[in-house]
Amino acid sequence: MIATGLKFIHIAAIAIWSAGLICLPFVYQQRGDIKTENDLHRMHAMVRFFYVVIVSPAAFIAIGSGTALIFVQQTFDAWFSVKLAFVGAMVVIHVISGLVILKVFEVSGRYPGWRYVAVTVITTLIVTAILVVVSGKPEIDPHAFWADLFTPGRLGELLQPHLEPFIFWARP
Ligand code: HEM
């Protein structure tokens with residue numbers, strides 16, 4: 001029952017978050033058609049409202065409900081790591097989208113058509129990839145492509161050359 005409720009919230013929030021990220025570049029692109037300062041301010045206020053009051057809270061709810069689902073469903077499979085890598089890409093797009101709002105509504109602001117097409121295509125591909133991974137839950141054997149990654153102590157060995165300067169600095 002808890003899992004069903006959480007999944008309902010998760011999927012509803014994801015639908016809003018994904019749709020918001022996919023359609024925001026289209027809205028940014030409309031900025032080029034704006035002629036008067038009054039219209040510019042109205043559109044700026046509308047886009048900020050959409051980003052701050054609708055899309056960002058949906059992202060928080062999606063991530064929060066997803067995190068709760070990890071514990072309820074015991075999702076500790078390799079496909080889930082692949083999903084989270086794609087979710088990371090969505091978060092990067094979300095943050096960049098917020099930074100675009102700060103720039104595109106300046107008086108000299110523009111949002112080129114190629115960028116609108118590129119961001120829409122990339123975001124759609126990432127969301128589709130997540131849905132494919134989550135629906136298919138493919139069996140992925142990490143040992144098949146990196147055999148010793150999960151042996152105890154291996155992560156420390158891999159990171160040691162990069163962390164050595166900091167460890168040395170922190171030693172008494
Ligand atoms: C940090 C973000 C996220 C976390 C921690 C998370 C976590 C989870 C977990 C633990 C489940 C249950 C998996 C299971 O059945 O064992 C789940 C289900 C699901 N997630 Fe996410 N998720 C996140 C973001 C997303 C995003 C961005 C999407 C889509 C764009 C997504 C789509 C789905 C779907 C469709 C399900 C239902 C899968 C099913 O019942 O078969 N999730 N999520």
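Of the 22 residues around the ligand in this predicted model, those that come nearest are Lys-7, His-10, Ile-14, Lys-83 and Lys-137. Two of these residues, His-10 and Lys-83, are the protein donors of the ligand's iron atom. The chain is divided into domain 1, covering residues 2-138, and domain 2, covering residues 141-172.

**Iron site**

- The iron atom of the ligand receives NE2 of His-10 and NZ of Lys-83 as its protein donors, at distances of 1.7 to 2.0 Å.
- The site has 6 donor atoms, and the angles among them run from 88 to 178 degrees, giving an octahedral arrangement.
- Because His-10 belongs to helix α1 (residues 2-30) and Lys-83 to helix α3 (residues 78-104), the pair ties together parts of the chain that are 73 residues apart in sequence.
- His-10 has a relative accessibility of 11% and therefore counts as buried, the limit for that class being under 20%.
- Lys-83 is likewise buried, since its relative accessible area is 13%.

**Polar contacts with the ligand**

- Besides supplying a donor to the iron atom, His-10 has a polar side-chain atom 2.8 Å from a nitrogen atom of the ligand.
- Thr-75 places a polar side-chain atom 3.0 Å from an oxygen atom of the ligand.
- For Lys-137, a polar side-chain atom lies 2.7 Å from an oxygen atom of the ligand.

**Annotated transmembrane regions**

- An unreviewed UniProt entry gives the feature "transmembrane region" at residues 6-28, 49-72, 78-102 and 114-134.
- In the model, residues 6-28 are 100% helix and 0% strand, with 33 Å between the end C-alpha atoms.
- Residues 114-134 are also 100% helix and 0% strand, and their end C-alpha atoms are separated by 30 Å.

**Loop residues with positive phi**

- Most residues other than glycine have a negative phi.
- Gln-74, a residue other than glycine, has a positive phi near 55 degrees.
- The position of Gln-74 is in the loop between α2 (37-73) and α3.
- Gln-74 is exposed, because its relative accessible area is 53% and the exposed class begins over 50%.
- Lys-137 also has a positive phi, with a value near 40 degrees.
- Lys-137 is found in the loop that runs between α4 (113-136) and α5 (142-145).
- With a relative accessible area of 45%, Lys-137 is classed as partly exposed.
- Lys-137 thus combines a positive phi with a place among the residues that come nearest to the ligand.

**Domains and selected separations**

- The centres of domain 1 and domain 2, taken over C-alpha atoms, are 33 Å apart.
- Ala-13 is located in helix α1, the helix that also holds His-10.
- At a relative accessible area of 5%, Ala-13 is buried.
- Between Ala-13 and Val-92, which are 79 residues apart along the chain, the C-alpha separation is 18 Å.
- Leu-159 forms part of helix α6, which spans residues 154-170.
- The relative accessibility of Leu-159 is 37%, so this residue counts as partly exposed.
- From C-alpha to C-alpha, Leu-159 and Leu-99 are 32 Å apart in space, with their positions 60 residues apart in sequence.

Note on methods. Residues are numbered from 1 along each chain as its sequence is written. This is a predicted model: local features need pLDDT of at least 70, side-chain atom pairs count only at pLDDT 80 or more; totals for chains, interfaces and linings use all residues. Side-chain values use heavy atoms; hydrogens and water are left out. Donors are N, O and S atoms within 2.8 Å of the metal (3.2 Å for Na, K and Ca); water is not among the atoms, so sites may look incomplete. Four donors count as tetrahedral if all angles lie between 85 and 135 degrees; four count as square planar and six as octahedral if opposite donors are over 155 degrees apart and all others between 65 and 115; anything else is irregular. Helices (H or I, at least four residues) and strands (E, at least two) are DSSP runs, numbered from the N terminus. Buried means under 20% relative accessible area, exposed over 50%, partly exposed in between (1.4 Å probe, protein chains only). UniProt positions are given in the numbering used here, feature names are shortened, and annotations may be inferred rather than shown by experiment. A residue is near a molecule or strand if one of its heavy atoms lies within 4 Å of it. A polar contact is a pair of N or O atoms within 3.5 Å; within protein, one must be able to donate a hydrogen and the other to accept it, and residues adjacent in sequence count only if both atoms are side-chain atoms. Domain bounds come from an automatic or database domain assignment.
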